[in-house]
Amino acid sequence: MSKLVLTRIERRAEGHVAYVTVNNPGKRNALGLAGKLLLAQAFRRLARDRLLRVAVLTGAGDRSFMAGADLAEMKDLTRKEAHEVHTWVHRACEAIRALPVPVIARINGYCFGAGMEIAASCDMRIGVTTAKFGMPEVRFGIPSGMEACLLPHLIGWGKTRELVFIGDPLDAAEAYRCGFLEKLVEPAGLDPGVEQWISSILAAGPRAIRLQK
């Protein structure tokens, strides 16, 4: 098991619940190339679990879901390497969307750039009142990744343009108001809120849920 992307399977009577955690809290759970590759691999492996009912994606600690790119890594990338980094963001998001069961984004803090794209790739998003959201890439002279195309479906074209052109962050209340979050909770309510969704999914028919996805 990688120390950067941790996967834990909880075996319940109704089936398996997977918990995938990006474990880089010292850098606000920035993924970097290695983390994006490992995240894609983790969800591809989970897709082969026929007893899987639901997956939860989060970041380690209580400050950050995912901060997106590792800027210290990016500054020295060649053109070819930069293309590879963005390709693996796409592949990680694609693996999340292709998982045959629902994926819950457990957003416990900062959710920026590729982290927001990854959260948008999940089926449902629950966030704490202290979380921050944004697509700040233009502030660093680079465009957003291709999964920014998922945002208009969630928050509309106007709010998407505001995020990707201006780069200002959203607070959690605004992320909930504009539709990025389906559920907004105080920090103490995060895990109970996730469990409420898990319990509802487990109470449904396994085949019906897979067909819905």
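**Classes and cut-offs in a predicted model**

Me: What share of the contacts in the protein chain with a separation of 6 or more comes from residues 24 or more positions apart?
Reply: In this predicted model, residues 24 or more positions apart account for 71% of those contacts. A pair enters the count when heavy atoms lie within 4.5 Å.

Me: What makes the protein chain as compact as a globular protein of that length?
Reply: The chain has nine helices and 10 strands. Its radius of gyration is 16 Å, whereas the globule rule gives 17 Å for 213 residues; the two values are close, so the chain is as compact as a globular protein of that length. Along the principal axes, its C-alpha atoms fill a box of roughly 50 × 35 × 30 Å.

Me: How much of the chain is buried, and what is the character of its accessible surface?
Reply: Buried residues make up 50% of the 213 residues. The accessible surface comes to about 10400 Å², and carbon and sulfur atoms hold 55% of it.

Me: Why is Pro102 called buried?
Reply: The cut-off for buried is under 20% relative accessible area. Pro102 has 12% relative accessibility, and therefore counts as buried. The residue is found in the loop between helix 3 (79-98) and strand 5 (103-107). Beyond four places away in sequence, Pro102 touches Arg53, Val54, Ala55, Asp123, Ile201, Ile209 and Lys213.

Me: How are Arg28 and Asn29 classed, and why?
Reply: Arg28 has 36% relative accessibility, which falls between the limits of 20% and 50%, so Arg28 counts as partly exposed. Asn29 has 0%, which is under 20%, and therefore counts as buried. Arg28 is placed in the loop between strand 2 (15-22) and helix 1 (32-46), and Asn29 lies in the loop between strand 2 and helix 1.

Me: What is the phi of Arg28 and of Asn29?
Reply: Arg28 has a positive phi of about 55° although it is not a glycine. For Asn29, likewise not a glycine, phi is positive at about 60°.

Me: How do you know that strand 6 and strand 8 pair?
Reply: Pairing requires at least two bridges. Two bridges join strand 6 (residues 110-112) to strand 8 (residues 132-134), so the requirement is met. The two strands run parallel, and Phe112 has Gly134 in strand 8 as its bridge partner.

Me: What is the order of the open sheet, and which strands are its edges?
Reply: Four strands form the sheet in the order 4-6-8-9, with mixed pairing. The edges are strand 4 (64-66) and strand 9 (170-171), each of which pairs on one side only.

Me: Why is helix 4 called mostly covered?
Reply: Eight of its eight residues are buried, including Met116, Glu117 and Ser121; each therefore falls under the 20% cut-off. Helix 4 (residues 114-121) lies across strand 4, strand 6 and strand 8, and runs at about 95° to strand 6.

Me: Which residues have the most contacts inside the largest nonpolar core?
Reply: That core has 65 residues, and those with the most contacts inside it are Leu39, Phe43, Leu57, Ile107, Phe133, Phe180 and Ile198. Leaving aside residues up to four places away in sequence, Phe43 touches Val20, Ala55, Leu57, Ala95, Ile96, Leu99 and Val103.

Definitions and conventions. Residues are numbered from 1 along each chain as its sequence is written. This is a predicted model: local features need pLDDT of at least 70, side-chain atom pairs count only at pLDDT 80 or more; totals for chains, interfaces and linings use all residues. Side-chain values use heavy atoms; hydrogens and water are left out. Axes are lines fitted to C-alpha atoms, for helices over the stretch in contact, and angles run from 0 to 180 degrees between N-to-C directions. The radius of gyration is taken over C-alpha atoms; the globule rule is 2.2 Å times the number of residues to the power 0.38. Buried means under 20% relative accessible area, exposed over 50%, partly exposed in between (1.4 Å probe, protein chains only). Accessible areas come from the Shrake-Rupley method with a 1.4 Å probe; for residues, only the protein chains shown count as cover. A nonpolar core is a set of buried Ala, Val, Leu, Ile, Met, Phe, Trp, Tyr and Cys residues joined through side-chain atoms within 4.5 Å.
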